[in-house]
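I am opening these notes to keep track of what I look up in this structure, entry by entry. I begin with a single residue and work outward from there.

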Amino acid sequence: CSQTQTDPTEACTDVLCCVIFVIVILGYIALGTVAWIHGDPRKVVYPTDSHGQFCGQQGTPNANKAILFYFNILQCANPAVLINLQCPTTQLCVSKCPDRFSTYLDMQYNYRYNKSYWEYYRQFCKPGFDNPRKSVAHVLRDEDCPSMIVPSRPFLQRCFPDFITRNGTLTVANKTDFKDGLGKTRSVIDLRDAANGITSLLDAKEVGMKIFEDYASSWYWILIGLVITMVVSLAFILLLRFTAGVLLWLIIFGVIAVVGYGIWHCYWEFSTLRGKPHSDGDVTISDIGFQMDFRVYLQLSQTWLILMISLSVIEATIIVILIFLRRRVRIAIALLEEGSRAIGYIMSTLFYPIITFVLLAICIAYWAVIAVFLVSSGDAVYKVMSTQDKCMYANLTCDPETFSQTNVTTVCPGSQCTFAFYGGESLYHHYIFVLQLCNLLVFLWLVNFTIALGQCTLAGAFASYYWALKKPQDIPSCPLFSSFSRAVRYHTGSLAFGSLILALVQMFRIVLEYLDHKLKGAHNAFARFLICCLKCCFWCLEHFIKFMNRNAYIMMAIYGKSFCTSAKDAFFLLMRNVVRVAVLDKVTDFLLFLGKVLISGSVGVLAFFFFTRKIPVIQEEVPSLNYYWVPLLTVIFGSYLIAHGFFNVYAMCVDTLFLCFCEDLERNDGSPLKPFYMSPQLHRILRREQGSKLYAAS
């Protein structure tokens with residue numbers, strides 16, 4: 001499959017798994033079609049009234065009524081019940097929320113003098129009802145109109161009381177009490193208790209709006225920061241092509257210096273805050289709790305002490321690793337130099353992550369669309385909602401057309417036949433949960449297959465470089481495209497096989513996380529301990545399978561064998577070189593990690609000085625922000641992902657060259673008949689290492 005000295009024959013591998021994979025993809029398309037036929041995403045977007053009709057949906061009588069109104073919000077005592085649209089009161093679509101206190105009795109009294117009172121009140125009554133003289137008892141019995149309305153504002157397309165705190169007192173429209181339309185005077189506290197949790201939701205919405213505003217005003221600068229990261233990462237890779245050794249040592253000492261400066265700065269801030277009289281030096285983080293403004297924490301000495309200790313541990317760990325692995329660092333740098341030359345000859349590999357990103361975006365989008373359509377499948381299901389705790393008919397299915405003819409309201413006064421959710425009694429509706437699990441499993445399979453395809457493609461391209469005896473003359477033309485074609489044409493089944501194993505383990509981990517979430521409130525200590533042990537074991541298993549799959553794909557790209565054969569060959573090759581694997585491979589990963597941290601950290605520091613207006617030259621260009629950490633964290637996280645994309649190609653190159661290097665040592669001895677395929681520089685360092693071992697042994 002690749003240009004090796006063994007010249008393997010090209011043949012399809014793991015054909016059975018390839019056939020199964022194609023069948024699963026066709027089934028996945030069929031699942032999407034069925035979900036598209038039965039589902040309706042509008043059920044997720046638009047709120048629904050008591051009859052299952054959408055509020056605000058175009059082409060319906062509710063087209064201009066996009067807000068949901070609750071007849072008696074006092075009955076919505078549980079916020080979870082309220083948000084889930086299972087409040088035991090009539091729900092109606094309206095065009096706007098009420099802006100005043102009023103009762104049906106007040107409306108009837110004022111209607112005799114001014115007809116406009118009814119015109120306003122009727123918009124919160126059922127459509128078609130136009131009898132303002134109907135008695136209150138009959139109106140409430142027939143659920144024609146609400147007994148009262150309170151000033152409200154729309155939130156999540158639903159009318160909630162407009163709470164305002166004035167001088168520490170909770171009010172609604174400057175009032176602390178109101179009439180409930182049933183002859184009682186109620187306190188605003190009752191509304192707050194009924195809509196408990198809504199205030200926090202409103203606060204969350206306010207924070208969300210501020211974050212959105214920050215993104216809207218700073219997206220241009222965020223994009224500039226990410227472009228700078230891309231340019232720096234690309235320049236960094238190109239510099240490694242010519243000055244890999246010097247640059248990597250600069251990275252090592254640069255990270256040590258940056259972390260050291262961080263330790264000194266934290267100590268200086270800690271000492272300054274502790275030395276100030278009447279400062280917040282003695283206040284702890286637990287005293288102030290969670291604050292959206294992170295600058296509050298920077299005024300605490302405890303924050304700087306925690307940062308100083310954390311950075312000191314990181315600094316000590318880096319130095320100890322470098323001291324004990326200094327010889328392996330030289331070999332790792334030689335491998336990275338070789339990887340730089342390989343990438344220099346095959347520059348197209350740096351842009352392959354774009355293909356992986358596009359394929360992953362397609363997988364994620366398709367999975368999300370199917371999940372939404374499955375959730376919104378089915379017909380409207382109505383259930384009995386009662387304000388009484390011991391109602392025997394509570395949560396039973398009902399028919400709103402015939403509900404008034406039953407004795408449910410007699411046995412459970414105040415009960416309502418309210419829309420609950422969308423579902424059905426067909427075989428399809430009974431297995432929607434199973435279909436969601438299948439959707440998740442196939443999604444994980446496709447995501448892992450996409451990643452595996454990228455790893456195998458890059459491995460084949462870099463292997464063709466290593467096994468070229470005369471570089472770059474013997475490197476085949478278009479090595480990346482050739483490797484991609486071989487992977488898709490001959491190894492789809494093998495890649496699908498390895499991806500399926502990993503997907504099953506990940507699926508089991510998700511199930512364990514779900515069980516652990518359900519058992520958090522349980523008192524069964526043994527069950528929680530067992531779940532914790534299983535989670536730990538499967539976490540280790542997942543990372544081991546990822547490691548083995550990665551090396552199996554490399555061997556597959558080199559020799560073109562099946563997944564199991566490639567995994568076995570890779571395992572035994574790694575075991576025969578276990579010392580190099582345990583040290584050398586991890587040292588290269590560590591050095592690449594330092595490079596990613598250095599790039600993302602440097603761009604993050606630059607973004608910090610910019611968004612906190614500490615760069616005088618462009619201080620006036622900084623947008624006004626509510627939370628400066630919003631664009632800052634976005635730049636840091638995005639920069640790390642971009643750097644990770646570039647360095648991941650580098651890591652795959654090093655891993656491929658490492659396995660080829662081990663295979664080269666076992667198959668060749670450097671003689672004219674069996675020459676080494678490794679570069680002279682790598683061979684020279686290897687001989688130096690072997691010579692030091694022989695000297696130490698003697």
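Entry 1, Ala503. I looked up what Ala503 touches, and, not counting residues up to four places away in sequence, I found Leu441, Leu444, Trp445 and Asn448. I note here that I am reading a predicted model. Ala503 has its place in helix H17, which covers residues 492-518, and at a relative accessibility of 0% the residue counts as buried. I also looked up its distance to Phe449, which is 54 residues away along the chain, and the C-alpha atoms of the two are separated by 9.3 Å.

Entry 2, H17 and H18. Staying with the helix that holds Ala503, I asked how H17 lies against H18, and I found that their axes come within 10 Å and cross at roughly 165 degrees. Because angles over 145 degrees count as roughly antiparallel, H17 is roughly antiparallel to H18. The crossing of H17 and H18 is left-handed, and when I sorted the residues of their contact by class I had 15 nonpolar, five polar and six charged.

Entry 3, Asn551. Moving along to helix H18, residues 525-559, I stopped at Asn551. Is Asn551 buried or exposed? Its relative accessibility is 5%, so Asn551 counts as buried. Its contacts, once I leave aside the neighbours within four places in sequence, are Ala570, Leu574 and Leu659.

Entry 4, the largest nonpolar core. I wanted to know which members of this core touch the most other members, and among its 115 residues these are Phe462, Tyr466, Leu495, Ile558 and Tyr650. The helix that gives the most to this core is H15, residues 432-466, with 19 residues. I then followed Leu495, which, with residues up to four places away in sequence not counted, touches Phe449, Ala452, Leu453, Cys456, Ala487, Tyr553 and Met556. Apart from this core lies another one of 20 residues, and I noted Ile67, Val94, Met107 and Trp118 among them.

Entry 5, Lys596. I next looked up a lysine, Lys596, which is found in helix H20, residues 578-611. Its relative accessible area is 12%, and because buried means under 20%, Lys596 is buried. Leaving aside neighbours within four places in sequence, I found Lys596 in contact with Tyr640, Ala643, His644 and Phe647.

Entry 6, H1 and H12. For a second helix pair I took H1, residues 15-38, and H12, residues 352-375, which pack at an angle of about 40 degrees with their axes 8 Å apart. That angle makes H1 oblique to H12, and the crossing of these two helices is left-handed. Which residues meet here? From H1 I listed Tyr28, Ile29, Leu31, Gly32, Ala35 and Trp36, and these meet Tyr366, Trp367, Ile370, Phe373 and Leu374 in H12. By class, the residues of this contact of H1 with H12 are 10 nonpolar, one polar and no charged.

Entry 7, the whole protein. Last, I stepped back to the totals and counted 22 helices and 12 strands in the protein. Of its 698 residues, buried ones make up 44%. I also looked up how far apart in sequence the contacting residues are, and among contacts with a separation of 6 or more, residues 24 or more positions apart account for 71%.

Notes. Residues are numbered from 1 along each chain as its sequence is written. This is a predicted model: local features need pLDDT of at least 70, side-chain atom pairs count only at pLDDT 80 or more; totals for chains, interfaces and linings use all residues. Side-chain values use heavy atoms; hydrogens and water are left out. Axes are lines fitted to C-alpha atoms, for helices over the stretch in contact, and angles run from 0 to 180 degrees between N-to-C directions. Helices (H or I, at least four residues) and strands (E, at least two) are DSSP runs, numbered from the N terminus. Angles under 35 degrees count as roughly parallel, over 145 as roughly antiparallel, 65 to 115 as roughly perpendicular and the rest as oblique. A crossing is left-handed if the near helix is turned anticlockwise from the far one by less than a right angle, and right-handed if clockwise. Contact means heavy atoms within 4.5 Å. Ala, Val, Leu, Ile, Met, Phe, Trp, Tyr, Cys and Pro count as nonpolar, Asp, Glu, Lys and Arg as charged, and the others, Gly among them, as polar. A nonpolar core is a set of buried Ala, Val, Leu, Ile, Met, Phe, Trp, Tyr and Cys residues joined through side-chain atoms within 4.5 Å. Buried means under 20% relative accessible area, exposed over 50%, partly exposed in between (1.4 Å probe, protein chains only).
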